[in-house]
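Trainee: Could we go through this model together, one question at a time?

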Amino acid sequence: MAATIDEHAPLLGEPVEQNLARDANLNGDAAKRDADRRRATRVRVITHGVLSLVFVAGLVIVLFFWEKVGRAVGALPKNPEQAARRVLESAPVIDGHIDLPILVRSLYHNNLSAFDLNHPIPGHVDIPRLREGKVGGFFWSTYVGCPQASYEDDDYDFLNATWRVRDTLEQIDVSKLLISKYSDTFSLALTSTDVKYAIMGGKIAGLLGVEGGHQLGNSIAVLRQFQELGVRYVTLTHTCHNAFADSCGLQPGIKPKWGGLSKLGYALIREMNRLGVLVDLSHTSDDTARQALKYSKAPVIWSHSSARAVHDVPRNVPDDVLELVGIGANKTDAVIMVNFAPFFVADPGKANVQTVADHVDHIAKVAGKAHVGLGSDFDGIGEVPEGLEDVSKYPALIAELYRRGWDRFDLAGLTGRNLLRVMEGAERVARDLQNAGTEPAYDVYDQREDL
Ligand SMILES: [Zn+2]
């Protein structure tokens with residue numbers, strides 16, 4: 001059967017002609033393979049060339065246009081409220097000044113069993129509202145007021161022992177107790193790295209700040225002990241002068257006692273630099289601020305102050321001081337964290353999201369966007385701006401600035417990155433000073449005769 005013969009034919013060998021024919025076919029295949037190889041080589045060369053070009057172009061983009069590309073790639077939604085939420089998801093608010101501890105002192109006598117932060121409490125701050133407002137951290141102000149006599153008496157000598165050191169210890173205590181009682185939410189932060197880890201872990205970083213040199217009992221040794229307890233900024237004054245520096249007071253026209261910093265005040269700044277405690281210039285006189293800016297080796301902060309050119313009150317920072325802030329020759333790195341208190345923001349009845357944004361915009365215009373932050377003063381202010389009633393409302397301010405052209409990088413600086421940079425700077429200076437073997441400051445207030 002033909003089929004059978006065909007099946008066996010290969011085993012029996014093939015006629016020469018057929019072999020020749022096959023060889024001829026083989027030669028044809030080789031030529032085809034050669035052509036394929038050449039085509040493949042050409043494709044490889046072209047592909048390689050194109051890839052090299054793409055690589056070089058990519059490198060050029062990365063090296064020269066990264067910021068612009070980054071901005072385009074990370075474009076935010078057009079809707080300002082959605083854009084604000086997006087920014088705050090990756091760059092939550094780190095507020096420079098929140099007065100929850102003094103509210104807990106005055107309402108609950110520091111008794112933590114008398115209230116539950118997981119539920120609404122009076123004032124501007126509780127955990128549900130902090131979460132709603134996309135807060136990633138804040139300085140708990142361990143504030144207690146000035147000794148009454150130092151308000152009134154120009155010749156107050158700062159020698160009378162007061163209870164302010166005890167009271168400050170109680171406020172540090174209640175802050176740390178709250179942070180640890182609500183440890184699912186809060187995490188005590190002692191460094192900028194701690195803040196970042198807290199945020200990465202979904203927590204709210206808890207930092208401690210002392211609001212006035214009077215709370216140190218006018219003693220540098222007390223500063224050292226507060227630092228040991230976790231305090232990371234000290235406001236040089238509150239509304240009273242103290243042994244270290246002049247305050248701007250409450251109303252215009254307060255008579256200076258030192259003309260800025262006292263001799264002990266300079267020693268205090270040296271020690272704060274050495275310890276990595278931020279110098280806070282809110283509440284100080286303009287001369288105190290100018291001298292401290294010039295003298296501090298570390299970056300400084302205004303934990304809760306706005307712009308005097310926008311609203312003229314002594315607590316706000318004037319333009320000639322803002323002009324000293326920056327990076328470069330004759331400038332000091334700093335962050336001015338805008339205060340929401342209506343009295344500091346605008347004429348009566350006019351404080352709202354827009355007027356607060358005006359302060360942010362103005363400080364950014366004079367000092368630069370890298371030098372502005374948020375220091376609401378929530379729980380320390382009786383009234384609030386319209387639209388910024390409590391800690392749940394930060395997104396409204398971010399949305400307003402987005403409407404005004406602030407991009408995601410500027411906004412992330414405002415919400416926390418600028419403060420973190422300043423903290424990192426202060427930590428670096430402290431490390432350098434300690435590595436260089438800088439001695440602690442042993443200066444004592446020269447009116448004292450007991451020490
Ligand atoms: Zn204050």
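Trainee: Which residue follows α14, and what is the sign of its phi?

Mentor: Bear in mind as we go that this model is predicted. Directly after α14 comes a glycine with a phi near 110 degrees. That phi is positive, and the residue is glycine 368.

Trainee: How far apart are the end C-alpha atoms of helix α14, and what should its 15 residues span?

Mentor: Helix α14 covers residues 353-367, and at 1.5 Å a residue its 15 residues should span 21 Å. The end C-alpha atoms agree with that expectation, because their separation in the model is also 21 Å.

Trainee: How many of the 15 residues of α14 are buried?

Mentor: The buried residues include Val356, His359 and Ile363, and the buried residues of α14 pack against several elements, among them β8 (334-338), α15 (394-403) and α16. The helix is largely enclosed by the rest of the structure, because the number of its 15 residues that are buried is twelve.

Trainee: Are α10 and α16 roughly parallel or roughly perpendicular to each other?

Mentor: Helix α10 (residues 263-275) and helix α16 (residues 408-435) have axes 6 Å apart and pack at an angle of about 95 degrees. Angles of 65 to 115 degrees count as roughly perpendicular, and α10 and α16 are therefore roughly perpendicular.

Trainee: Is isoleucine 269 buried or exposed?

Mentor: Isoleucine 269 has its place in helix α10, and it touches Val279, Ala292, Tyr295 and Ser296, leaving aside residues up to four places away in sequence. A residue is buried if 20 or more other C-beta atoms lie within 10 Å of its own. Isoleucine 269 has 24 within 10 Å, so it is buried.

Note on methods
Residues are numbered from 1 along each chain as its sequence is written. This is a predicted model: local features need pLDDT of at least 70, side-chain atom pairs count only at pLDDT 80 or more; totals for chains, interfaces and linings use all residues. Axes are lines fitted to C-alpha atoms, for helices over the stretch in contact, and angles run from 0 to 180 degrees between N-to-C directions. Helices (H or I, at least four residues) and strands (E, at least two) are DSSP runs, numbered from the N terminus. Angles under 35 degrees count as roughly parallel, over 145 as roughly antiparallel, 65 to 115 as roughly perpendicular and the rest as oblique. Two residues are in contact if their C-beta atoms, placed from the backbone, lie within 7 Å. The expected span of a helix is 1.5 Å times one less than its number of residues.
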